[in-house]
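This briefing goes through selected local features of one chain, grouped by topic. Please keep the sequence and the coordinates open while reading.

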Amino acid sequence: MVTQDLKKFASPVFPFTAIVGQEEMKLALQLNVIDPKIGGVMIMGDRGTGKSTTIRAIADLLPEIEVIKDDPFNSHKSDLDLMGNEVKTAIQNGTTLETEFIKIPMVDLPLGATEDRVCGTIDIEKALTEGIKAFEPGLLAKANRGLLYVDEVNLLDDHLVDILLDSAASGWNTVEREGISIRHPARFVLVGSGNPEEGELRPQLLDRFGMHAEIRTVKDPILRVKVVEERTSFDQTPDVWLENYEAQQQELRDRIVSAQTLLPNVQIDYDLRVKISEVCSQLDVDGLRGDIVTNRAAKAHAAYDNRDKVTVADIEKIITLCLRHRLRKDPLESIDSGDKVLKVFKEVFEIED
């Protein structure tokens, strides 16, 4: 009952559908929620452009999920890939497990986090004296089936970024200490944000993020005034705001859920796949991750529009997000990497400007 009472005091979250502009970031987040296998999103932009607000808003928008009660990994009741070992054993033994509905987990990773805090720790003393595997779950366990947000990811220790990206890609986290090994599900959407002035991420880490959204400060004074007024008004009367946007929030929630259901049936023609790979090849993108992510994101975009076939328009909408951070940096290049991707895309797909 305590948690119910606490929920009443939880600070209200700005509605996702009320966020003005920043279309790139919003689209990238929605597509990653529809298909978490896209591999997360890196959001680079100026300070104070609403990065954290938007990420919290998408987590708040999503429908609740059913989890096994009191399970540290938010285990799924039937999907083996999203289940902790204890739950698996209990199901094999025919035990009936109680479930509950919770909000999608949204875990904030603090910059000073240690590896133990992120991955979890094994209590060696307990293991030796009592002969049981005493595992203290970390942030990756909490984030299973949710979102993991790292603000200022470019200031995080490279070693930790590697661990996060490995877990996000494989959906599992393994902790080994003194010959004891524990593995648990850790499937989450990894969202990193940062300010390019504070340093870039190493290219090999940047390449591991599925998408890369760039956001700029709004220049139009009228739009800026609108944003400031809306934020002030929300802070004063959040309840009225949440009520006014509830219908739009529900509509988007339904759209995302139906896209998730439709996604496995979405097809992409062979000739479109060849052209995507041609764009990657012409842009000299290392490895095949760019091709894979672009295919996945195009399918997610088609599902988002309630279609089971990918069109050229779907690819045009997402290809910059998927490839701009995979290009090799050329200090003499005058054209922005995003523009370069679009230019090559239009040449390969023979689209007239």
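N306 is exposed, because its relative accessibility of 58% is over the 50% cut-off. The residue sits in the loop between α13 and α14 (312-323), and its phi is positive, about 65°, although N306 is not a glycine. The model is a predicted one, and the points below cover backbone, salt bridges, helix packing and buried residues.

**Positive phi outside glycine**

- E152 is a non-glycine residue with a positive phi, near 55°.
- The position of E152 is in the loop between β7 (147-151) and α8.
- With 22% relative accessibility, E152 is classed as partly exposed, whereas N306, at 58%, is classed as exposed.

**Salt bridges**

- The count for the model comes to 21 salt bridges.
- One of the pairs is K69 and E98, whose side chains meet at 3.7 Å, N to O. This pair links distant parts of the chain, 29 residues apart: K69 is in the loop between β2 (65-68) and α4 (85-92), and E98 is in the loop between α4 and β3 (99-102).
- K69 has 35% relative accessibility and is partly exposed, while its partner E98 has 55% and is exposed.
- D162 and R208 form another salt bridge through their side chains, with an N to O distance of 3.8 Å. D162 belongs to helix α8 (residues 158-170) and R208 to the loop between α9 (203-206) and β11 (211-215), so this salt bridge ties together parts that are 46 residues apart in sequence.
- D162 has a relative accessible area of 30%, which means that it falls in the partly exposed class.
- E214 and R216 are joined by a salt bridge of 3.2 Å, N to O, between their side chains. E214 is partly exposed at 22% relative accessibility, and R216 is exposed at 51%.
- E214 and R216 also belong to a network of salt bridges that links them with E24 and R324.

**Packing of α2 against α11**

- Helix α2 (residues 23-34) and helix α11 (residues 238-262) have axes that come within 9 Å of each other and cross at roughly 45°.
- The two helices are therefore oblique to each other, because the crossing angle lies outside the ranges for roughly parallel (under 35 degrees), roughly perpendicular (65 to 115) and roughly antiparallel (over 145).
- On the α2 side, Q30, V33 and I34 take part in the contact; on the α11 side, L252, I256, A259 and Q260 do.

**Q30, a buried polar residue in α2**

- Q30 lies in helix α2 and has a relative accessible area of 6%, so the residue counts as buried.
- Beyond the residues up to four places away in sequence, Q30 touches F16, I58, L252, I256 and Y304. Of these, L252 and I256 are in α11.
- What polar contact does the side chain of Q30 make? The side chain of Y304 is the partner, at 2.8 Å.
- The C-alpha atoms of Q30 and G120 are 29 Å apart, with the two positions 90 residues apart in chain numbering.

**D291, a buried acid without a salt bridge**

- D291 is part of helix α13 (residues 289-304).
- How far from D291 is the nearest side chain of opposite charge? That side chain belongs to R326 and is 7.8 Å away; D291 is buried and has no salt bridge. The distance to R326 exceeds the 4 Å cut-off, so this pair does not count as a salt bridge.
- The side chain of D291 has a polar contact of 2.8 Å with the side chain of S277.
- Leaving out residues up to four places away in sequence, D291 touches I276, S277 and C280.

**I268, a buried residue in a loop**

- I268 is located in the loop between α11 and α12 (270-282), and its relative accessibility of 6% puts the residue in the buried class.
- Outside its neighbours within four places in sequence, I268 contacts R273, I276, N295, A298, K299 and V310.
- I276 is a contact of I268 and also one of the residues touched by D291.
- I268 and E230 are separated by 38 residues in sequence and by 40 Å in space, C-alpha to C-alpha.

Conventions: Residues numbered from 1 in each chain as written. Predicted model: local features only at pLDDT ≥ 70, side-chain atom pairs only at ≥ 80, totals over all residues. Heavy atoms only, no water. Helix = DSSP H or I, 4+ residues; strand = E, 2+ residues; numbered from the N terminus. Buried < 20%, exposed > 50% of the residue type's maximum accessible area, 1.4 Å probe, protein only. Lys, Arg positive; Asp, Glu negative; His and termini not counted. Polar contact = N/O pair within 3.5 Å; in protein donor to acceptor, adjacent residues only side chain to side chain. Contact = heavy atoms within 4.5 Å. Axes fitted to C-alpha atoms, helices over the stretch in contact; angles between N-to-C directions.
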